[in-house]
Amino acid sequence: MGYASVAAANPYGLVALRARKVKYLWSALSILVLASLYVAPLVLVFRQPAIPATVTPLPSLSLPNVAAPILRVPKLHALA
């Protein structure tokens, strides 16, 4: 079974990628499918109507007034 018989039996398979026209056709189709998978969800998101969000105020936050501790420099002892 040679190349010619395989190409004749399957004109659009992997063997047909040796032909320049088929190679570019499959490449263009692959890029189109890949681009549509990224672009289609974005288009659908921007076409949706905006849902107005209900605004609820945050509750008031009360914190205790705590003073920061005073840090003193330690004293050095003379070496013996």
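Colleague: Where in H2 does a kink lie, and of about how many degrees?

Modeller: A bend is the angle between axes fitted to the seven residues ending at a residue and the seven starting there. Here a kink of about 30° lies at Leu37, shortly before the proline Pro41. Bear in mind that this is a predicted model, where local features need pLDDT of at least 70, side-chain atom pairs count only at pLDDT 80 or more, and totals for chains, interfaces and linings use all residues. Residues are numbered from 1 along each chain as its sequence is written, and side-chain values use heavy atoms, with hydrogens and water left out.

Colleague: What span should helix H2 have?

Modeller: Expected span is 1.5 Å times one less than the number of residues. For the 28 residues of H2 (residues 20–47) that gives 40 Å, and the end C-alpha atoms are 39 Å apart, which agrees.

Colleague: How many helices and strands does the protein have?

Modeller: Both are DSSP runs numbered from the N terminus: helices are H or I, at least four residues, and strands are E, at least two. This protein has two helices and zero strands. Its radius of gyration is 36 Å, well over the 12 Å of the globule rule for 80 residues, so the protein is more spread out than a compact globule. That radius is taken over C-alpha atoms, and the rule is 2.2 Å times the number of residues to the power 0.38.

Colleague: Is Val33 buried, partly exposed or exposed?

Modeller: Buried means under 20% relative accessible area, exposed over 50%, partly exposed in between (1.4 Å probe, protein chains only). Val33, found in helix H2, is partly exposed at 43%. Buried residues make up 4% of the 80 residues.
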